Amino acid sequence: MTDLWVQRTGTRRYTGQSSRGAEVLIGSEDVDGVFTPGELLKIALAACTGMSSDKPLSRRLGDDYDATIRVSGAADRENEVYPVLSETLEVDLSELDPEAAQRLLVVVERAVEKVCTVGRTIKAGAQVELAIETD
């Protein structure tokens with residue numbers, strides 16, 4: 001299992017790290033060159049949708065197909081939640097006849113619903129447990 005942690009590197013600035021050597025810069029909206037935690041949540045959702053749809057799309061379109069997943073959602077600052085997250089999967093299906101394209105879209109939607117862990121977790125809600133350790 002991959003270890004994950006976030007280390008404070010400055011005022012409202014953190015670096016997320018993994019035991020596999022990955023890093024991501026995190027901070028508030030007024031800090032340049034970082035993602036906010038909410039942006040990372042949205043990117044995780046979009047990435048999960050992309051990865052969940054990769055197998056059926058590459059099987060039908062080939063390994064070199066292009067896809068972009070756009071994600072958005074305004075924060076409700078009074079309640080500090082994102083009430084709606086909207087995703088758009090952009091992929092060129094013009095090489096397929098309309099019936100084949102429609103069948104592929106059904107397969108893609110099913111794949112995302114079945115295996116996108118991030119989307120499934122958001123939809124189901126997750127219990128978050130916080131422990132605070134002190135010296």
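Buried means under 20% relative accessible area, exposed means over 50%, and partly exposed lies in between (1.4 Å probe, protein chains only). The model is predicted: local features need pLDDT of at least 70, side-chain atom pairs count only at pLDDT 80 or more, and totals for chains, interfaces and linings use all residues. Residues are numbered from 1 along each chain as its sequence is written, and side-chain values use heavy atoms, with hydrogens and water left out.

**Exercise 1.** Determine whether Ser53 is buried or exposed, and list its contacts.

Solution.
- Step 1: Ser53 lies in helix α1. Helices are DSSP runs of H or I with at least four residues, strands are runs of E with at least two, and both are numbered from the N terminus.
- Step 2: The relative accessible area of Ser53 is 1%, so this residue is buried.
- Step 3: Its side chain reaches the backbone oxygen of Gly50 at 3.1 Å.
- Step 4: With neighbours within four places in sequence set aside, Ser53 is in contact with Tyr65, Leu89, Val108 and Val112. Contact means heavy atoms within 4.5 Å.

**Exercise 2.** Describe the surroundings of Ala46.

Solution.
- Step 1: Ala46 also belongs to helix α1 and is buried at 8% relative accessibility.
- Step 2: Leaving aside neighbours within four places in sequence, Ala46 is in contact with Ile69, Val71 and Glu87.
- Step 3: For the pair Ala46 and Glu87, the separation is 41 residues in sequence and 6.9 Å in space, C-alpha to C-alpha.

**Exercise 3.** List the residues of the largest nonpolar core and find which helix gives the most to this core.

Solution.
- Step 1: A nonpolar core is a set of buried Ala, Val, Leu, Ile, Met, Phe, Trp, Tyr and Cys residues joined through side-chain atoms within 4.5 Å.
- Step 2: The largest such core has 11 residues: Cys48, Leu57, Tyr65, Leu93, Leu96, Ala100, Ala101, Leu104, Val108, Val112 and Cys116.
- Step 3: At least two of these residues come from each of α1 (37-61) and α2 (98-115). Helix α2 gives the most, with five residues.
- Step 4: Leu93 is in contact with Leu61, Ala101, Leu104 and Leu105, leaving aside neighbours within four places in sequence.

**Exercise 4.** State how many disulfides the structure holds, and check the burial of Cys48 and Cys116.

Solution.
- Step 1: A disulfide is a pair of cysteine sulfur atoms within 2.5 Å.
- Step 2: The structure holds zero disulfides.
- Step 3: Cys48 is buried at 12% relative accessible area, and Cys116 is buried at 2%.

**Exercise 5.** Count the salt bridges and locate their partners.

Solution.
- Step 1: A salt bridge is a side-chain nitrogen of Lys or Arg within 4 Å of a carboxyl oxygen of Asp or Glu. The count comes to three.
- Step 2: Glu90 pairs with Arg70, the closest N and O atoms being 2.8 Å apart. Glu90 lies in strand β5 (residues 86-91) and Arg70 in strand β4 (residues 67-72), so the pair ties together parts that are 20 residues apart in sequence. Glu90 is partly exposed at 35%, and Arg70 is partly exposed at 48%.
- Step 3: Glu113 forms a salt bridge with Lys123, with closest N and O atoms 2.8 Å apart. This pair links distant parts of the chain, Glu113 in helix α2 and Lys123 in helix α3 (residues 117-124), 10 residues apart. Glu113 is partly exposed at 45%, whereas Lys123 is exposed at 63%.
- Step 4: Glu80 forms a salt bridge with Arg77, again with closest N and O atoms 2.8 Å apart. Glu80 is exposed at 53% relative accessibility.

Terms used. A polar contact is a pair of N or O atoms within 3.5 Å; within protein, one must be able to donate a hydrogen and the other to accept it, and residues adjacent in sequence count only if both atoms are side-chain atoms.
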